[in-house]
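Here is a short tour of a protein chain for your next coffee break. Have the viewer ready, and let's start from the inside and work outward.

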Amino acid sequence: MNPLVLTLRATPTGPVLQIDGDLDYATAPTLRERLQALDLQPGQRLVLDLSGLRFCDSSGITAMIAAHNHTATADAGFALANVPARTLSVLRTVGLDQIFPVLPASGTPDVL
């Protein structure tokens, strides 16, 4: 098991939350708590940078849905970046790739 590490960065378009490690039943509540603590402003965009994601189960997917809902409530945008192939496959299978904007891989995540 890889511990969950969340790193928040401010960018001109809004916060980028980098997720490293495993996002599963045991760690998804930590992400949900961190998301609820974010003070998003209308027009900002929250980006979840998944470049360090090692494993994601249904609880992790549910936490991503909660993130999407949190941004909608704040009249802010939402996107995923650097989505690992396995996670992207799951998102496509359940149709969430049609709901979550997926940004292309970027070598400079500070400008997402």
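A nonpolar core here is a set of buried Ala, Val, Leu, Ile, Met, Phe, Trp, Tyr and Cys residues joined through side-chain atoms within 4.5 Å. Keep in mind that you are looking at a predicted model. In the largest such core there are 28 residues, and Leu46, Leu48, Met64 and Leu80 touch the most other members.

**The cores**

- Two or more residues of the largest core come from each of β2 (14-23), α1 (28-37), β3 (45-56), α2 (58-73), β4 (77-81) and α3 (85-94).
- The top contributor is β3, which gives five residues to this core.
- Another core, of five residues, lies apart from the largest one, and its members include Val47, Ala79, Ala81 and Leu103.

**A closer look at leucine 48**

- Which residues is leucine 48 in contact with, leaving aside its neighbours within four places in sequence? The partners are Leu17, Ile19, Leu35, Met64, Ala67, Phe78, Ala79, Leu80 and Ala81.

**A closer look at phenylalanine 100**

- You will find phenylalanine 100 in the loop between α3 and β5 (102-103).
- Is phenylalanine 100 buried or exposed? Its relative accessibility is 2%, so phenylalanine 100 counts as buried, the cut-off for buried being under 20%.
- Beyond its neighbours within four places in sequence, phenylalanine 100 is in contact with Met64, Ile65, His68, Phe78, Leu80 and Leu91.
- Threonine 73 is 27 residues away from phenylalanine 100 along the chain, and their C-alpha atoms are separated by 15 Å.

**The fold as a whole**

- Three helices and five strands make up the secondary structure elements of the chain.
- Following the sequence, you meet them in the pattern β-β-α-β-α-β-α-β.
- Of the contacts between residues at least 6 apart in sequence, 65% join residues at least 24 apart.

**Size, surface and charge**

- The radius of gyration is 13 Å, which agrees with the value near 13 Å that a compact globule of 112 residues would have.
- Taken along the principal axes, the C-alpha atoms fill a box of roughly 35 × 25 × 25 Å.
- Among the 112 residues of the chain, 46% are buried.
- The accessible surface is about 5,800 Å², and carbon and sulfur atoms account for 54% of it.
- The chain carries 7 positive and 10 negative charges, and the mean positions of the two sets are 5 Å apart.

Terms used
Residues are numbered from 1 along each chain as its sequence is written. This is a predicted model: local features need pLDDT of at least 70, side-chain atom pairs count only at pLDDT 80 or more; totals for chains, interfaces and linings use all residues. Side-chain values use heavy atoms; hydrogens and water are left out. Buried means under 20% relative accessible area, exposed over 50%, partly exposed in between (1.4 Å probe, protein chains only). Helices (H or I, at least four residues) and strands (E, at least two) are DSSP runs, numbered from the N terminus. Contact means heavy atoms within 4.5 Å. The radius of gyration is taken over C-alpha atoms; the globule rule is 2.2 Å times the number of residues to the power 0.38. Accessible areas come from the Shrake-Rupley method with a 1.4 Å probe; for residues, only the protein chains shown count as cover. Lys and Arg count as positive and Asp and Glu as negative; His and the chain ends are not counted. The place of a charge is taken as NZ of Lys, CZ of Arg, CG of Asp or CD of Glu.
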